[in-house]
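Trainee: I've got a model open and could use a second pair of eyes. Mind if I fire off some questions?

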Amino acid sequence: MKNGSLNLLQVRSLLLFLFATCVASVFYSCNDEEGRITIDNSAPAQITNVQAVAGPGEVTLSWTNPDSPSFMYTKISYTDSKGEEKYVLVAKDKPSTATVKGFASTDECKFSLYACSVKGNNAGAVEVSFAPGAPAYLEVVKTITLSPVLGGTLVNYKNEFNTTVLIALEYHQASDASKTGSTKFEVPANSEGTQLVMLMDSNNEFLQGECVVRVSAEDEYENASEPIEKTITPIPAVKIDRSLWSFPGYNENSNDATIGYSSQEAQGEGDKDGLKNGRVVSMIDSSLNTYWHASWKVATNYPHWFILDMGKEVTVASVELTRRQGDARGQKGQHIYTCTEAGATDPSNSDSWQWTDHGDFAFDPNTDVPQSCGLPTTPRARYIKVYFGTEHKGTGSQAMLADLNVYGAEE
């Protein structure tokens, strides 16, 4: 159970358990005419043998339940790091242990443990004080280093704890403090690795020259470390010129799949602003009013995909995707692959190409702003494949995008 209150499912489960246990432990009246049921609501004996083990920002408590027939659950009360009163309930059919999390220091905390009847009657609290271990985020933030890459920085981290930590970055251009950005990402328990962060401002423009980065770490309870200020100078990255871009096998008058895409909607979306709407080329026509849409007049469903041919090899830092404006029915993620010019071995069969897998990226179908997918290895590539699997399906049956950009270096 989490600190504080129980969620609805937990409350229902506890109430059902208490009800069933009460029915099993009732004493029937000898008066058959009345047929009354009497619940034993007397205060149980207190719990005993309270033990504790400190963990990162947490204390795991264990105890021995009383043998009293009226005992139904244990209530643990304590004050959290923000000074708020919290409690945890543990039903008697559950293991007599609980991990209390969210502490921001190693100061001792007093825990009051009550053995309760179905209506909460108890013989008073058993009070104990224990100190949690140092919060994981305070240790993780000490491990963070930054390495410059094309268009941003690699955030190197090490989390040796059995708990998830969040790393937060706030940054600005040293020569112009108005050019700012921020991001936050999750670091899994017991992990060591890197996270690519593209240093871009709110207009999706890369920061230039030296950048000031304030790094902090947090837990899920909004406790945070003091920020550590670092400087980094990313390798300059630019928006790749789209004049040579195309999609292999493109046919503007057909919905059918080619070696370059799974489908498009060439009939049902209509042309806009004199541009070909619904087609894959709508993603690179410099208009947010047009969009690619997987075929729906000839019904299709996930997976959907397309391959961008950039016309020459470039170094790719990130792929930027923008949803169909104002439409939240699209995909909620994508998988990205790249291929060099030499790796496109058979021009008639893109499945045989030597693709490099860059993994899954989340996509928010509820926002109109561009969304960046950073590739930490900054590969050399001529071809980029964006794949929307069944796991990426949104509320609609077709994927759709208004705009596609690539950032990196052309030389």
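Mentor: Let's start with a pairing: Asp 309 has Tyr 383 in S23 as its bridge partner. Strands here are DSSP E runs of at least two residues, while helices are H or I runs of at least four, both numbered from the N terminus. Keep in mind that this is a predicted model, where local features need pLDDT of at least 70 and side-chain atom pairs count only at pLDDT 80 or more, while totals for chains, interfaces and linings use all residues. Residues are numbered from 1 along each chain as its sequence is written, and side-chain values use heavy atoms, with hydrogens and water left out.

Trainee: Which residue stands opposite Tyr 383 besides that one?

Mentor: Cys 339 stands opposite Tyr 383 in S23.

Trainee: And how many bridges join S19 and S20 to S23?

Mentor: S19 (residues 304-322) is joined to S23 by eight bridges, and S20 (residues 333-339) by five. S19 runs antiparallel to S23, and S20 is antiparallel to S23 too. Two strands pair if DSSP finds at least two bridges between them.

Trainee: Is S23 mostly covered or mostly open?

Mentor: Mostly covered: seven of the nine residues in S23 (residues 380-388) are buried. Buried is under 20% relative accessible area, exposed is over 50%, and partly exposed is in between, using a 1.4 Å probe and protein chains only.

Trainee: What about the loop just before it? Which way does phi go at Thr 378?

Mentor: Thr 378 sits in the loop between S22 and S23, and its phi is near 40°, a positive value in a residue other than glycine. Thr 378 counts as partly exposed because its relative accessibility is 22%.

Trainee: Where is Asn 190, and what's its phi?

Mentor: Asn 190 is in the loop between S13 and S14, with phi near 50°, again positive in a residue that isn't glycine. Its relative accessibility is 51%, so Asn 190 counts as exposed.

Trainee: What kind of peptide bond joins Tyr 302 and Pro 303?

Mentor: A cis one, with omega at about 5°. Pro 303 is in the loop between S18 (292-293) and S19.

Trainee: OK, switching to pockets. What's the volume of the largest one?

Mentor: About 780 Å³. It has 24 lining residues, and Thr 183, Gln 371, Ser 372, Cys 373 and Gly 374 are the closest to its centre. On a 1 Å grid over the protein atoms alone, a pocket is an open set of points with protein on both sides within 12 Å along at least five of seven lines; a cavity is a set where a 1.4 Å probe fits but cannot get out, and lining residues have an atom within 4 Å of a point. Points are joined across faces, edges and corners, and a volume is the space filled by probe spheres set on them.

Trainee: Which strands supply that lining?

Mentor: S13 (176-187), S14 (191-198), S21 (356-362) and S22 (371-374) each supply at least two residues. S14 gives the largest share, with five. By class, the largest pocket's lining has 12 nonpolar, 10 polar and two charged residues. Nonpolar covers Ala, Val, Leu, Ile, Met, Phe, Trp, Tyr, Cys and Pro, charged covers Asp, Glu, Lys and Arg, and the others, Gly among them, are polar.

Trainee: And how many cavities of 30 Å³ or more are there?

Mentor: Two. The largest has about 130 Å³ of space, and 16 residues line it, with Pro 56, Gly 102, Thr 163, Asp 219 and Tyr 221 nearest its centre. That lining divides into seven nonpolar, four polar and five charged residues.

Trainee: How does the lining of the second largest one divide?

Mentor: Into seven nonpolar, four polar and no charged residues. The second largest cavity is about 70 Å³, and its lining includes Phe 206, Gln 208 and Pro 234.

Trainee: Last one. Is Asp 403 buried or exposed?

Mentor: Asp 403 counts as buried because its relative accessible area is 10%. Asp 403 lies in S25 (residues 403-409).

Trainee: Which side chains does the side chain of Asp 403 make polar contacts with?

Mentor: Arg 242 at 3.2 Å and Asn 405 at 3.0 Å. A polar contact is a pair of N or O atoms within 3.5 Å; within protein, one must be able to donate a hydrogen and the other to accept it, and residues adjacent in sequence count only if both atoms are side-chain atoms. Leaving aside neighbours within four places in sequence, residues in contact with Asp 403 (heavy atoms within 4.5 Å) include Met 283, Leu 288 and Glu 320.
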